[in-house]
Amino acid sequence: MTLLPSDRRVLWVLWGMVSLFVLAVLLTAASLLQTQQAEARGQNEARLVRFVAGAEAAINRSFMGIDMLLAGLGEPLAELDSPDPALAHHLRSRLLAQVVRQNLHLRDVVLLAADGSVLAAGQASSQRQAPTLPPGFLDKVLAPGVPALAISTPIVNPTTAESALYFARPLALGATATVLLAEVPESLVAGIAAQSVEIAGLTVTLERSDGTLLASMPRDERLAEQRPGDRRLLQPLAAASATSAPWLAPGRLDSAPALLAVRATLYPEVLLAGGLRLDMALADRDADRRQVLLVAAGFVAMLLAAATLLQGAIGRQSCAQAELAASKSTLEQAMATMNDGLLLLDKHQHVVAWNQRYLDLYPWLVPVLQVGAPFSALAKAAAEALLPDGSQAERDAWVKGRLAVERHREFNFPQKVAGGRTVDTVR
């Protein structure tokens, strides 16, 4: 389809405007999506900060409770000293058993000698077999300095086949250096950190600053299968990062992109990290994102459809104009080759077209003959040319008669022209 130059310019303008509108729609949709994502991230960061703060407080309360419990048992255990080792073992074990029964967080409380032998235990299984502790753990607890709570890496208890953390404090019973040990299931520690909060994509890890994992929720079975002392994460957390301010980092358990917030507990080198997977945290915004994209796509489709329809209409109009121009050219060529003079009038008796032969026959019409001129103007010019010596009344009468003839559907109107010739005007 060949378009006229003017129509091509119109189409360029049309598609230019459509392109600008489409670009504006896409930019608006992108800005809206970015705003929604920023709002969703901000809400999730605030939620993560609140969670980590609560989890750190819960861990501190729990660990302080265990610490105070172990520190408070020093005097009662010392009072149960006896020259008879068997009697002392029995009395102290009864006390420790009572402590275990009264504290649901503890699976067992064990009194160990410096060499790791059991002096007393709340559970009979621990009296028969001493807990398996990480290498060097007792030496660390008994090292000279201010007595402080020490926390072991998770160890699988051979009796229960359950992973547990051991909280230990040094205890001096007379001249004997001993260690008081509290066994807490790892799952219980992880549950305390998680606070029974259900947030999609949430992971909680309790770890040391060197990357040693103490507990996690959900539990990472791959780490549970490692040997004692080897439970390290891929990248240790820096203590300087424990500001609770979220940042984007790989997840602590699966390395997936996540929002991570870290807080330091009251116990040295023990950090609490909360992670929120981005894909799951932003899943709630998928419906809004789809709605924005659907509306934007619909608007763009409407613009393109309207532009396509308008282009078709312009194309059809251009074809019609081209056909009309071709028909006009053919008509003009036919009129130019005619021996007879030809004048075309519309239904309102206004001039549409004429040929040169018509002007040759009626040269006096040259000043007034133009497209759109009323036939009455041609009649007046003819009257002045044909009746140069007549009065105005005679010329008006001639014009009136000529117009009366013109109103008939068919007529034959002879008139004399220059040179004494007579021209028949027929319709």
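Is D279 buried, partly exposed or exposed? Keep that in mind and we'll get to it; this is a predicted model, so everything below is about computed coordinates.

**The whole chain**

Start with everything shown as cartoon. You should find twelve helices and 15 strands. Now switch on a surface: the protein exposes about 23,800 Å², with 59% of that coming from carbon and sulfur atoms. Of the 427 residues, 40% count as buried. If you like contact maps, take the contacts between residues at least 6 apart in sequence: 50% of them join residues at least 24 apart.

**The five-stranded sheet**

Next, select β7 to β11. They make an open sheet with the order β8-β7-β11-β10-β9, and the pairing is antiparallel. Residues 213-217 (β8) and 247-250 (β9) are the edges; each has a single partner strand, so one side of each has no neighbour in the sheet. Look along the sheet and you can follow its twist, which averages 30° from one strand to the next.

Zoom in on β7 (202-208) and β11 (270-277), an antiparallel pair held over seven bridges. To get your bearings there, click T203: the residue opposite is G275 in β11.

Now add the helices. α1 lies across β7, β9, β10 and β11, and runs at about 35° to β10 (257-264). Then bring in α6, residues 186-194, which packs on the sheet and touches β7, β8 and β11. The direction of α6 makes about 60° with that of β8.

**Salt bridges**

Time for side chains. The structure holds eight salt bridges, and we'll stop at a few of them.

Select R169 and D67. Their side chains meet in a salt bridge, 2.6 Å from N to O. This pair ties together distant parts of the chain: R169 sits in strand β5 (162-173) and D67 in helix α1 (5-72), 102 residues apart. Why do both partners count as buried? The cut-off is a relative accessible area under 20%. R169 comes in at 15%, so R169 counts as buried, and D67 is buried because its value is 14%.

Move on to R107 and E183, another side-chain salt bridge, with N to O at 2.8 Å. Here too the pair links distant stretches: R107 is in the loop between α3 (85-102) and β1 (108-113), while E183 belongs to strand β6 (176-185), 76 residues away. Both R107 and E183 are buried.

Now for the opening question. Select R277 and D279, whose side chains form a salt bridge at 2.6 Å, N to O. D279 has 45% relative accessibility, so it counts as partly exposed. R277 is partly exposed as well, with a relative accessible area of 25%. Add D254 to the selection and you have a network of salt bridges linking D254, R277 and D279.

**Last stop: N355**

Finish at N355, in the loop between β13 (351-354) and α10 (356-361). Which backbone atom lies 2.9 Å from a polar atom of the N355 side chain? Show the backbone of L342 and you'll see that the partner is the L342 nitrogen. Turn the surface back on and look for N355: with a relative accessible area of 3%, N355 is buried.

Note on methods
Residues numbered from 1 in each chain as written. Predicted model: local features only at pLDDT ≥ 70, side-chain atom pairs only at ≥ 80, totals over all residues. Heavy atoms only, no water. Helix = DSSP H or I, 4+ residues; strand = E, 2+ residues; numbered from the N terminus. Buried < 20%, exposed > 50% of the residue type's maximum accessible area, 1.4 Å probe, protein only. Polar contact = N/O pair within 3.5 Å; in protein donor to acceptor, adjacent residues only side chain to side chain. Contact = heavy atoms within 4.5 Å. Areas by Shrake-Rupley, 256 points an atom, 1.4 Å probe, with all protein chains shown as cover. Salt bridge = Lys/Arg side-chain N within 4 Å of Asp/Glu carboxyl O. Pairing = 2+ DSSP bridges. Axes fitted to C-alpha atoms, helices over the stretch in contact; angles between N-to-C directions.
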